[in-house]
Structure formats: structure tokens, C-alpha cells
Amino acid sequence: MKTNLITPEGYRKLQQEHDHLWFEKRPEVTKIVNWAASLGDRSENADYTFNKRLLRQIDRRVRYLRKRLPDLKIVEYSPQQQGKVYFGAWVEIENDDGEVKRFRIVGPDEIYERNDYISIDSPMARALLGKAVDEEYSVKTPQGEMLWYVNKIDYTA
């Protein structure tokens, strides 16, 4: 089950995606579908077939966003979070092998197209919650238990 948390930036991005799809992309594709349909035989009309499929994809995504956006809870930064890892934190961690990772803990709707974001639902994020700098913690991975240390916590980009 997905957590319904999201950062303010993530919410704005989803809202912008919805608006772009609904007010710009969909009308544009609808015009193409109508034009292609007016040409007659639709069975061999590649413009019609392709754009009709694209229209269904747009409608599916818009339906998902309209259902998802009202359920999301925007989590704003609070000064009380300072010094500990919570939702929205940029965290730098290191393991015993010297491998360093830096990422931000965000909602599951925000992780796509970003390599430096991880979901609050991930095992790594769950293990990190509430930790402070210089604390160590372990995470269960497919390779076994891994020990990590918190190097840095930041709530600004």
C-alpha cells in the first residue's frame, strides 16, 4: 500500500502534469483523432489508431491523478525535524566499504524520473526514520543485512 504523503514540490508537479494533460495535450490529440476519423476507413489509418491509443493513455493518467491528488497529504518542513531524518530530508549515508549515497526521502508518487529520491515506503527510508548524524542502522537487503552510517541530514535542496 502506498503512503499518501507528498512534498509541496511533488504535489505541484503532479498538479502541473494533470493540467498539462487535460488542458493542452488532450485537446491537441482529440483534434488529431477527429481529423483522422474524418478521412474515412479507420482500420488502416495509423494516425487514428496511434492517437486513439494515446488518448486512452492520457485519460487513464488523468483519472489516476484526479483520484490520487485529493488523497495526498502535503508534508511541510518543520523546524522540529532538524537534526533527525524525517520525510523530505536529504540524507547522506555511508557503509563500511566507503560507499556513499545521497538521496531525499519522499512520497511514492515522486520517485519516478529521479535517481536521487527514494520512497518513504522503501526499507532504506523506513530504517533511516528518526536517526541522527553519526548514528548507525542496518537494512535488510536481498544480499543480507547491511550496516550504514548517517553522515549528513539537510532539509534544503
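A hairpin links strand β6 to strand β7, and two residues make the connection. Start there in the structure, which is a predicted model. β6 covers residues 136–141. β7 covers residues 144–154. The two strands run antiparallel and are paired over six bridges. To see one of these pairings, find Val139, whose bridge partner in β7 is Met146.

Now stay on β7 and look for its pairing with β3. These two strands are also antiparallel, with six bridges between them. Glu92 offers a place to check this, since its bridge partner in β7 is Lys152. So far, then, β7 has been seen pairing with β6 and with β3.

Next, follow β3 into β4. β3 spans residues 90–95, and β4 spans residues 100–106. They pair in the antiparallel sense, this time over five bridges. Ile93 faces Lys101 of β4. β3 and β4 make a hairpin too, with four residues between the strands. Look at Gly98 in that turn: its phi is positive, at about 85 degrees.

One more strand pairs with β4. Which way do β4 and β5 run, parallel or antiparallel? They run parallel, and three bridges join them. β5 is short to trace on screen: residues 117–119. Within this pairing, Ile105 has Ile118 of β5 as its bridge partner.

Step back from the strands and view the whole chain. The domain assignment splits the protein into domain 1, residues 3–71, and domain 2, residues 76–152. Eleven residues of domain 1 and 13 residues of domain 2 take part in the contact between them. The C-alpha centres of the two domains are 34 Å apart.

How much area is buried between domain 1 and domain 2? The value is about 870 Å², and carbon and sulfur atoms give 48% of it. Three residues of domain 1 stand out here. Thr3, Leu5 and Thr7 supply 48% of the area that domain 1 buries against domain 2, more than any other three residues.

Polar links cross this interface as well. Five residue pairs are in polar contact across it, with both residues of each pair at pLDDT 80 or more. Which elements of domain 1 give two or more residues to the side that touches domain 2? They are β1 (5–6), α1 (8–37) and α2 (46–68). Of these, α1 gives the most, with five residues. Sorted by character, the residues on this side of domain 1 are five nonpolar, three polar and three charged.

Charge pairing comes next. Side chains of opposite charge can pair when their charged atoms come close. Two salt bridges are counted between domain 1 and domain 2. Arg104 and Glu9 form a salt bridge through their side chains, at 2.8 Å from N to O. Glu9 falls within the residue range of α1 (8–37), while Arg104 falls within that of β4 (100–106).

The full count comes to seven salt bridges. Another one to find joins the side chains of Arg61 and Glu17, again at 2.8 Å from N to O. This pair links distant parts of the chain, with the two positions 44 residues apart in numbering. Arg61 sits in helix α2, and Glu17 sits in helix α1.

Note on methods:
Residues numbered from 1 in each chain as written. Predicted model: local features only at pLDDT ≥ 70, side-chain atom pairs only at ≥ 80, totals over all residues. Heavy atoms only, no water. Domains from an automatic or database assignment. Contact = heavy atoms within 4.5 Å. Buried area = accessible area lost by both parts, 1.4 Å probe. Salt bridge = Lys/Arg side-chain N within 4 Å of Asp/Glu carboxyl O. Polar contact = N/O pair within 3.5 Å; in protein donor to acceptor, adjacent residues only side chain to side chain. Nonpolar A, V, L, I, M, F, W, Y, C, P; charged D, E, K, R; others polar. Pairing = 2+ DSSP bridges.
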